[in-house]
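Here is a friendly walk through one protein chain, going from the overall layout to individual side chains. Have the viewer open as you read.

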Amino acid sequence: MPTNKRESLIFTVIMCFCMVLWMSIYNVARMYGHVGMDVILDAWIGFPPAYVFAMLCDVLIAGPLAKGFAFKYLVTPGKSSPRAMTLVVSGCMVVPMVIIMSLYGAFEGAFHAGTLAIVPMAWLSNIPWNFVMALPWNLLVAGPFARFVFRRAFPMGTVLEEPVELADLGAIGDEDEADDFAAEAV
């Protein structure tokens with residue numbers, strides 16, 4: 001699991017990609033009634049705006065709500081096992097994200113249908129369908145995959161909380177060494 005805000009943002013980018021892409025394919029397949037290249041193509045075309053919207057909702061709404069609820073009522077950092085905290089927070093994230101993204105999908109469907117009248121019923125009917133797919137996908141596939149990719153790309157302790165200042169590099173060696181390091185970094 002991420003240990004600071006930067007790691008959390010990077011992990012969210014990976015996790016959100018896995019969830020939004022799969023849920024887009026799932027919902028387009030539900031709408032078309034089959035799975036095929038046309039479904040994958042249409043899901044991929046609708047993916048970028050859904051991904052941006054989901055990222056914003058995750059970071060600004062669902063993440064704080066889920067973590068606040070999980071840490072207040074379900075698990076205690078330092079007392080609960082890391083696995084329990086991971087499962088509880090992941091499970092708690094699904095609820096607000098399904099509600100929000102089902103509403104997003106209802107508006108997207110209304111846009112294609114040309115009428116807003118379908119939004120309330122589409123939203124309410126999408127929530128159980130999406131929850132049934134999102135919870136196991138999150139816990140069994142996307143979460144483990146995202147954690148695997150994240151830790152392979154960023155081993156523990158390699159993502160700093162604050163960027164290293166060039167002035168701090170002078171403490172490593174003399175100023176010429178810091179300048180050489182800065183030049184190589186650019």
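The report below covers the fold, the aromatic pairs, a charged pair, one serine and a surface patch.

## Ground rules

This is a predicted model, in which local features need pLDDT of at least 70 and side-chain atom pairs count only at pLDDT 80 or more, while totals for chains, interfaces and linings use all residues. Residues are numbered from 1 along each chain as its sequence is written, and side-chain values use heavy atoms, with hydrogens and water left out.

## Overall layout

The chain holds six helices and zero strands, so its elements read α-α-α-α-α-α from the N terminus on (helices are DSSP runs of H or I with at least four residues, strands are runs of E with at least two, and numbering starts at the N terminus). Of the 186 residues in the chain, 34% are buried. Here buried means under 20% relative accessible area, exposed means over 50%, and partly exposed is in between, with a 1.4 Å probe and protein chains only.

Contacts, meaning heavy atoms within 4.5 Å, often span long stretches of sequence: among those between residues at least 6 apart, 68% join residues at least 24 apart. The chain exposes about 11600 Å², and carbon and sulfur atoms supply 71% of that area. Accessible areas come from the Shrake-Rupley method with a 1.4 Å probe, and for residues only the protein chains shown count as cover.

## Aromatic pairs

Rings of Phe, Tyr and Trp (its six-membered ring) pair if their centres lie within 6.5 Å; planes under 30 degrees apart count as stacked, over 60 as edge-to-face and the rest as tilted. By this rule there are nine aromatic pairs. One of them is Phe11 with Phe150, an edge-to-face pair at 5.9 Å centre to centre and 85 degrees between the planes. This pair links distant parts of the chain, with Phe11 in helix α1 and Phe150 in helix α4 (residues 119-153), 139 residues apart. Phe11 is buried because its relative accessible area is 10%, and Phe150 counts as buried at 1%.

Trp22 and Trp137 have ring centres 4.4 Å apart and planes at 15 degrees, so this pair is stacked. It also links distant parts of the chain: Trp22 sits in helix α1 and Trp137 in helix α4, 115 residues apart. With 28% relative accessibility, Trp22 counts as partly exposed. Elsewhere, Phe17, Trp44, Phe47 and Tyr51 form one aromatic cluster.

## A buried charged pair

Side chains of opposite charge can pair when their charged atoms come close. A salt bridge here is a side-chain nitrogen of Lys or Arg within 4 Å of a carboxyl oxygen of Asp or Glu, and the count comes to one. Its partners are Glu7 and Arg151, whose closest N and O atoms are 3.1 Å apart. Glu7 lies in helix α1 and Arg151 in helix α4, 144 residues apart, so to speak of distant parts of the chain being linked is apt.

Are these two residues buried or exposed? Glu7 is buried, with a relative accessible area of 0%, and Arg151 is buried too, at 17%. A polar atom of the Arg151 side chain also lies 2.9 Å from the backbone oxygen of Phe154. This is a polar contact, a pair of N or O atoms within 3.5 Å; within protein, one must be able to donate a hydrogen and the other to accept it, and residues adjacent in sequence count only if both atoms are side-chain atoms.

## Around Ser102

Ser102 lies in helix α3 (residues 82-113) and counts as buried because its relative accessibility is 0%. Its side chain reaches the backbone oxygen of Val98 at 2.7 Å. Leaving aside neighbours within four places in sequence, Ser102 is in contact with Met97, Trp123, Asn126, Ile127 and Asn130. Ser102 and Leu124 are 22 residues apart in sequence, with their C-alpha atoms 8.0 Å apart in space.

## A nonpolar patch on the surface

Which residues form a nonpolar patch on the surface? They are Leu9, Val13, Val52, Leu56, Val59, Leu60, Ile61 and Leu65, with about 720 Å² of accessible area together. Patches are made of residues with over 30% relative accessible area and no salt bridge: like charges are joined within 9 Å, and nonpolar side chains (Val, Leu, Ile, Met, Phe, Trp, Tyr) within 5 Å.

Helices α1 (5-32) and α2 (37-74) each supply at least two residues of the patch, and α2 gives the most, with six. Leu60 is found in α2 and is exposed, with a relative accessible area of 61%.
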